[in-house]
Amino acid sequence: MGDVREVQTLVIGAGPAGLAVAYGLQGDTLVLERAERVGGLSASIYHDGGVFDVGGHSFHTPHPEVQELVERLLGKKLYIQQRDARIYTHGVVIDYPFQKFYDQINDPEVVRRCEEGLRNRAGDPHLAANYEEYILRQFGDGIAESFMLPYNRKLWARDLKRLSTEWTSQRVAAPKGATERFLTSGGERKPLQSDTEVGYPMEGGFEEIYRAFRKSVPEVQLSADVAHVDPERRTATTSDGRTYAWKQLVSSMPLPELLRIVEGAPAEVVSLAGQLEYMSLRIQMLLTGRPLSTGIQRIYIGDPEIPPHKVAFNHNSSRALRHRPHHAIMAEVSYSEEKPVAFEEIAPRTIEMLRRVNIIEESNDVTWQGQMDVKYGYPVYTHRRPELVGRIKEWLAARDIYTLGRFGSWEYINSDACIMEGLSMAEEMRGR
């Protein structure tokens, strides 16, 4: 086995949650990361001057302490601008979100159906039995059928009746006529609006936030893939044979992957993790040979004939990226066993859509194409999710193994919430 290194706290995963808990704990804390860079799902990819983020990112938070920490770690180098998101629907680009700006569609019949459905909607959406019913109750059948149902079926890659509604107040904007604001305090996430201000590192990609975190945590080891955890002996061993003895273990690994490597995990607990649902992502990267004139940052797409549900223009994330000679476009496509995707069709269909809306002029404006696969893209809020996660976490915590982050808590949370979760866990651990 070789030498065994002892540490007070071992953290698996150098994404936002793992780095934040290590930052909060300090002391005898070691972070192991299987990739060659920090950031996890918030990492960036660089190619020929273009900067791509995994899924497209911007920084916004209802946690003032997270805002202050990120600004301090970056040395105040956070570029702030108003969010510019759009919807592609019925052949045109309208403002985001659809349910507030459907009247910008140039088809009077579609507008009429949306308005009529909104007037005639029935039932309290908070009493909906599932997400599909929530959409119909909240927006009426016109908005639902014109965009909300096809878009969400693309995004979640499954029957929407299998989704609960516990998360909707944080993610789904209200319909036309309702006044909302994204909160920058209070700790409760609210849906992004057309006037929400978002941040991004002034230089480089979104990953720069987590590179800054790395400089402020005790130790991070990259290319360290944890392959075995022995809760009885309190050891963790990497795939290349390094062994670490820990007093407490924190993991941001997806719960099914963690339980697969934990020795002695009961079949019942492993089975619980196997019942957690997620959708995978295929990220299509497109690099243009010249700067693009659009200022749009995101386009959301409900049309089932166009593979991505979201296209992000990363060059519009900061002034520095805008001034680069090559611009990066990222198309995000979710898939599952219920919704297979022809990966070879993503690029040509996305490029055709971008030509249609005059963002690029010709197909040969795209000088490079690349794809990456993200097995765990978004956790799915099934009706049994809270029960399954609660029972898994209880079994692990009894062995001083704690989980956090998007797939360690199995919550659809952004990087700011992962940071907050890591800081809160560190405070709780210090108090034990």
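K100 is a good place to start: this lysine is buried, with a relative accessible area of 11%. The model you are looking at is predicted. From helix α3, which holds K100, this briefing moves on to the nonpolar cores, the seven-stranded sheet and the helices that lie across the strands.

**K100 and its surroundings**

- K100 counts as buried because its 11% relative accessible area falls under the 20% cut-off.
- The side chain of K100 has two backbone oxygens within reach: that of A174 lies 3.3 Å from one of its polar atoms, and that of P175 is reached at 3.4 Å.
- Setting aside residues up to four places away in sequence, K100 touches A174, P175, K176, A178, E180 and Q193.
- For a sense of distance, K100 and L69 are 31 residues apart in sequence, and their C-alpha atoms are 34 Å apart in space.

**Q99, next door in helix α3**

- Helix α3 spans residues 98-101 and includes Q99.
- Q99 is buried too, with a relative accessible area of 4%.
- A polar atom of the Q99 side chain lies 2.8 Å from the backbone oxygen of A173.
- Beyond its neighbours within four places in sequence, Q99 is in contact with F139, I143, M148, V172, A173, A174, P175 and K176.
- A174, P175 and K176 are therefore among the contacts of Q99 and also among those of K100, under a contact limit of 4.5 Å.

**The nonpolar cores**

- In soluble globular proteins, nonpolar side chains tend to be buried together.
- Here the largest nonpolar core has 46 residues, and F98, Y102, Y131, I135, I143 and W156 have the most contacts inside it.
- Two or more residues of this core come from each of β6 (85-89), β7 (92-95), α4 (108-120), α5 (131-156), β13 (278-288), β16 (327-335) and β17 (366-379).
- Helix α5 gives the largest share, 12 residues.
- Y131, leaving aside neighbours within four places in sequence, is in contact with N152, W156, L160, L163, S164, T165, W167, T168 and V172.
- Another core, of 39 residues, lies apart from the largest one; V38, L78, I419 and A426 are among its members.

**The seven-stranded sheet**

- Seven strands form an open sheet with mixed pairing, in the order β7-β6-β14-β15-β16-β13-β17.
- β7 and β17 stand at the edges with a single partner strand each, so one side of each has no neighbour in the sheet.
- On average, neighbouring strands of this sheet are turned by 25° against each other, direction ignored.
- The pairing of β13 with β17 is antiparallel and runs over 10 bridges.
- To pick out one bridge, R282 has D373 of β17 as its partner.

**Helices across the sheet, and against each other**

- α5 lies across β6, β13, β14 (298-301), β16 and β17, and runs at about 100° to β14.
- Helix α11 (residues 346-356) lies across β6, β13, β14, β15 (310-313), β16 and β17, running at about 60° to β13.
- α4 packs with α5 at an angle of about 155°, and their axes are 5 Å apart.
- That angle makes α4 roughly antiparallel to α5.
- The contact is made by V110, R113, C114, G117 and L118 from α4, together with Q138, F139, G140, D141, G142, I143 and S146 from α5.
- F139 and I143 take part in that helix contact and are also in contact with Q99.

Note on methods:
Residues are numbered from 1 along each chain as its sequence is written. This is a predicted model: local features need pLDDT of at least 70, side-chain atom pairs count only at pLDDT 80 or more; totals for chains, interfaces and linings use all residues. Side-chain values use heavy atoms; hydrogens and water are left out. Helices (H or I, at least four residues) and strands (E, at least two) are DSSP runs, numbered from the N terminus. Buried means under 20% relative accessible area, exposed over 50%, partly exposed in between (1.4 Å probe, protein chains only). A polar contact is a pair of N or O atoms within 3.5 Å; within protein, one must be able to donate a hydrogen and the other to accept it, and residues adjacent in sequence count only if both atoms are side-chain atoms. A nonpolar core is a set of buried Ala, Val, Leu, Ile, Met, Phe, Trp, Tyr and Cys residues joined through side-chain atoms within 4.5 Å. Two strands pair if DSSP finds at least two bridges between them. Axes are lines fitted to C-alpha atoms, for helices over the stretch in contact, and angles run from 0 to 180 degrees between N-to-C directions. Angles under 35 degrees count as roughly parallel, over 145 as roughly antiparallel, 65 to 115 as roughly perpendicular and the rest as oblique.
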